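Hi,

Here is the structure I said I would pass on. Have a look at it first, and then read my notes below.

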Amino acid sequence: FNGTDNFINSTLVQTGVTNYTIEAWVKTRANQGVIINNRGAEAGMSITLAIGPLCSTTRGAYCTGSAAGIPAMGLDSNGIWIGTNGLTAVNDGRWHHIAGVFNTTSGNSVTPASFRIYVDGQLEAGNAGVIGTATSPLTGANETRIGWHRPWLIYFNGTIDELAIHNRT
């Protein structure tokens with residue numbers, strides 16, 4: 001991925017999600033990039049796995065602790081971000097295994113505690129961020145995109161390998 005205009009667009013749509021794991025090997029020197037999301041252009045309840053910083057004045061200061069090269073996973077929709085950040089920067093040009101886990105029960109409120117981030121096999125409990133509210137299960141509005149977040153206009157710059165999505169924790 002070159003960080004400007006290429007991504008993989010699949011026809012897969014996230015539907016009725018209460019347990020979800022995304023894992024991938026990534027290699028990048030970029031400070032920011034979206035590994036995968038399912039939001040589309042609409043207000044679908046996407047689970048997004050990204051590398052920060054995820055905050056800006058246009059998106060609001062809703063992800064405390066999001067910083068250059070730090071992985072994050074959360075629920076993402078129009079005016080909503082509920083998620084957590086890791087602690088280890090992965091923008092050192094080396095291969096890192098990142099896994100994000102979402103686990104909740106249908107009908108429950110989604111909170112930052114619903115998410116976990118693992119970097120190179122280690123659970124990391126960085127700062128959490130919350131704006132808005134949501135209840136599980138989660139359903140995306142459009143196709144799943146690898147390497148690009150359409151509403152944020154953020155691409156991935158680097159290599160993504162062995163991406164896997166599981167409907168379990």
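Before anything else, please keep in mind that this is a predicted model.

I'll start where the backbone does something unusual to look for, at P137. The peptide bond leading from S136 into P137 is cis, and its omega is near 5°. To find the spot, go to the loop that runs between β10 (128-131) and β11 (145-146), since P137 is found there.

Next, the overall make-up. The protein chain has 14 strands and zero helices, so if you follow the elements from the N terminus you read β-β-β-β-β-β-β-β-β-β-β-β-β-β. The chain has 169 residues, and 51% of them count as buried. Its accessible surface comes to about 7300 Å², with 48% of that belonging to carbon and sulfur atoms. As for contacts with a separation of 6 or more, 73% are between residues 24 or more positions apart.

Now the sheet. Seven strands form an open sheet, and their order is β1-β11-β3-β4-β5-β6-β10, with antiparallel pairing. Which strands are at the edges? Those are β1 (8-9) and β10, each of which pairs on one side only. As a general reminder, strands of a sheet pair through backbone hydrogen bonds, either parallel or antiparallel. At the β10 end, the partner is β6 (residues 80-85), and the two are joined in the antiparallel sense over four bridges. If you want one pair of residues to click on, try T84, whose bridge partner in β10 is A128.

Two more residues are worth a visit for their phi values:

- D120 is not a glycine, yet its phi is positive, near 50°. You'll find D120 in the loop between β8 (115-119) and β9 (122-124). Is D120 buried or exposed? Its relative accessible area is 38%, and because buried means under 20% and exposed means over 50%, D120 ends up as partly exposed.
- E162 also has a positive phi although it is not a glycine, at about 50°. E162 lies in a strand, β14 (residues 159-166). With a relative accessible area of 57%, E162 is above the 50% cut-off and therefore counts as exposed.

If you only have a few minutes, I'd go to the cis bond between S136 and P137, then to D120 with its positive phi, and finish on E162 in β14.

Cheers

Notes:
Residues numbered from 1 in each chain as written. Predicted model: local features only at pLDDT ≥ 70, side-chain atom pairs only at ≥ 80, totals over all residues. Heavy atoms only, no water. Buried < 20%, exposed > 50% of the residue type's maximum accessible area, 1.4 Å probe, protein only. Pairing = 2+ DSSP bridges. Contact = heavy atoms within 4.5 Å. Areas by Shrake-Rupley, 256 points an atom, 1.4 Å probe, with all protein chains shown as cover.
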